[in-house]
Amino acid sequence: MTALLDIDQLLNELETGLRQVLADRGVNQPALIGIRTGGVWLADVLSKRLGLDEPFGELDISFYRDDFSRIGLNPRVKPSSLPFDTEGRDVILIDDVIMSGRTIRAAMNEIFDYGRPASIILATLIDLGARELPVQPDVVGRTLALESHQRVKLRGPEPLHIELQEAGH
């Protein structure tokens, strides 16, 4: 399965897909936002590849999680940073892996607290399916079907690479 997880190939797919969606929608000056941590690493790479001049934003969705009251606060929580106004902007939201859709729901809630964007384009490196919420990415590097004991994890930031893990290891 490692051949399916070539990071450069997946980044090329994301870049190509994003360029196409931006062209189709007539978006010229998108605001790029990465979800910590893997989404931030990807936002850094994609910002350069897309030639965006504006700094990208970083979201830490810890306070917006729907299981916050059960799991409490992660000790590594950092404040979100959006160095631009989201009001009326076309936003590209980047995450490394989408599965249930709950992280994306939390991220959108936080974005709307900063202002109402004109649109949100969702791009993810890997889509694992298994949705619990009706959230679908606009651009995906690769869709994977994993066994129940398998996990996929983006590691980085230098170098970015993908690990396929067996649960419990």
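Visitor: Take the contacts between residues at least 6 apart in sequence: what share of them join residues at least 24 apart?
Guide: Keep in mind that this is a predicted model. The count leaves aside pairs of residues that are not at least 6 apart in sequence. Of the contacts that remain, the share joining residues at least 24 apart is 69%.

Visitor: In what pattern do the helices and strands follow each other along the sequence?
Guide: There are 4 helices and 7 strands to place. Go along the sequence and you read α-β-α-β-α-β-α-β-β-β-β.

Visitor: Which element gives the largest share of the largest nonpolar core?
Guide: That core has 27 residues, and Leu18, Ile92, Ile94, Leu125, Ile126 and Ile162 touch the most other members. Helices H1 (7–25) and H2 (38–49) each give two or more residues, and so do strands E3 (90–98), E4 (119–127) and E6 (150–155). The largest share is 7 residues, and it comes from H1.

Visitor: And how many residues are in the second core?
Guide: This one is separate from the core we just looked at. Ile33, Ile35, Ile104 and Leu122 are among its members, and its size is 17 residues.

Visitor: Leaving out residues up to four places away in sequence, which residues does Ile92 touch?
Guide: Ile92 is one of the core residues that touch the most other members. With those sequence neighbors set aside, its partners are Leu18, Leu22, Pro30, Ala31, Leu32, Ile33, Leu50 and Ile121.

Visitor: Which residues line the largest cavity?
Guide: The count gives 1 cavity of 30 Å³ or more, and the largest has a volume of about 30 Å³. By class, its lining has 6 nonpolar, 1 polar and 1 charged residues. By name, they are Pro30, Ala31, Leu32, Ser47, Leu52, Glu54, Pro55 and Phe56.

Visitor: Is Ala130 buried or exposed?
Guide: Ala130 sits in the loop between E4 and strand E5 (139–143). Its phi is near 60°, a positive value in a residue other than glycine. To count as exposed, a residue needs over 50% relative accessible area. Ala130 has 53% relative accessibility, so it counts as exposed.

Visitor: Where is Pro157 found?
Guide: Most peptide bonds are trans. The bond from Gly156 to Pro157 is cis, with omega near 10°, and the bond from Glu158 to Pro159 is cis as well, with omega near -10°. Pro159 is in the loop between E6 and E7. As for Pro157, its place is in the loop between E6 and strand E7 (161–166).

Key. Residues numbered from 1 in each chain as written. Predicted model: local features only at pLDDT ≥ 70, side-chain atom pairs only at ≥ 80, totals over all residues. Heavy atoms only, no water. 1 Å grid on protein atoms, 1.4 Å probe; cavity = no way out; pocket = protein on both sides within 12 Å on 5 of 7 lines; lining within 4 Å. Points joined across faces, edges and corners; volume = space filled by probe spheres on them. Nonpolar A, V, L, I, M, F, W, Y, C, P; charged D, E, K, R; others polar. Contact = heavy atoms within 4.5 Å. Core = buried A, V, L, I, M, F, W, Y, C linked by side-chain atoms within 4.5 Å. Buried < 20%, exposed > 50% of the residue type's maximum accessible area, 1.4 Å probe, protein only.
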